[in-house]
Amino acid sequence: PPRILTLEEPVLHLEHCIAFAVHGNPAPTLHWLHNGQVLRETEIIHMEFYQQGEVSEGCLLFNKPTHYNNGNYTIVATNQLGSANQTIKGHFLEKPFPAVSGLFSFQMRYTPKFLCLDSKAFSFQVSIAVGLAAFACVLLVVLFIMINKYGRRSKFGMKG
């Protein structure tokens, strides 16, 4: 009967991978469950494995998983002599907005990585933005003055 040799938590390589190794003779068929429901393979979630003798090794691959992909993943190996299964918890991302308790209370428990900047880089970016805004304002004022001064007089004394 099949035996699950290894099942590892998700690791990020090129894609997130839940690595597994299953031993069985005859070679078992493999399928996955997500939170107890049959996992349908898509271009986002798919299984790749290779058979080497009596051992099947591979990965359940996730292409850019979200918090919807968090949960328990169970591999089920079945052949004519029996079946085996093993479950592992997959955690990829936090929910983007925590649960709201009360009408207007909001607690932020998760800070996205792109908001975590060191203070020197942040102050440099702010100073660049302020400088560009000031330059744009000065340029607009100069253009407004020039248009008012030179744009009203008609050339050659002609009135239109």
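**View 1. The aromatic cluster of Phe62, Tyr73 and Phe92.** In this predicted model, a single aromatic cluster is formed by Phe62, Tyr73 and Phe92. The count of aromatic pairs comes to 3. In one of them, the ring centres of Phe62 and Tyr73 lie 5.2 Å apart with the planes at 80°, so this pair is edge-to-face. Because Phe62 belongs to strand S7 and Tyr73 to strand S8, the pair ties together parts that are 11 residues apart in sequence. Tyr73 has a relative accessible area of 0% and is buried.

**View 2. The contact between Phe62 and Phe92.** Phe62 is buried as well, at 1% relative accessibility. The ring centres of Phe62 and Phe92 are 4.7 Å apart and the planes stand at 45°, so the pair is classed as tilted. Phe62 lies in strand S7, whereas Phe92 lies in the loop between S9 and helix H1 (119-150), so parts 30 residues apart in sequence are tied together by this pair. With a relative accessibility of 12%, Phe92 counts as buried, because the cut-off for that class is under 20%.

**View 3. The largest nonpolar core.** The largest nonpolar core comprises 18 residues. Those with the most contacts inside this core are Ile18, Phe20, Trp32, Leu60, Tyr73 and Ile75. At least two core residues are supplied by each of strand S1 (3-7), strand S3 (16-23), strand S4 (29-34), strand S6 (45-52), strand S7 (55-62), S8 and S9. Tyr73 thus appears both among the core residues with the most contacts and in the aromatic cluster with Phe62 and Phe92.

**View 4. The surroundings of Leu60.** Leu60 is one of the residues with the most contacts inside the largest nonpolar core. Leaving aside residues up to four places away in sequence, Leu60 touches His16, Cys17, Ile18, Phe20, Trp32, Leu39, Ile45, His46, Met47 and Tyr73. Among these partners, Ile18, Phe20, Trp32 and Tyr73 are likewise listed with the most contacts inside the core.

**View 5. The antiparallel pairing of strands S8 and S9.** Strand S8 (residues 71-79) and strand S9 (residues 82-90) run antiparallel and are joined by 9 bridges. Within this pairing, Val76 has Asn85 in S9 as its bridge partner. The connection from S8 to S9 is a hairpin through 2 residues. Both S8 and S9 also supply at least two residues each to the largest nonpolar core.

Methods:
Residues are numbered from 1 along each chain as its sequence is written. This is a predicted model: local features need pLDDT of at least 70, side-chain atom pairs count only at pLDDT 80 or more; totals for chains, interfaces and linings use all residues. Side-chain values use heavy atoms; hydrogens and water are left out. Two strands pair if DSSP finds at least two bridges between them. Helices (H or I, at least four residues) and strands (E, at least two) are DSSP runs, numbered from the N terminus. A nonpolar core is a set of buried Ala, Val, Leu, Ile, Met, Phe, Trp, Tyr and Cys residues joined through side-chain atoms within 4.5 Å. Buried means under 20% relative accessible area, exposed over 50%, partly exposed in between (1.4 Å probe, protein chains only). Contact means heavy atoms within 4.5 Å. Rings of Phe, Tyr and Trp (its six-membered ring) pair if their centres lie within 6.5 Å; planes under 30 degrees apart count as stacked, over 60 as edge-to-face and the rest as tilted.
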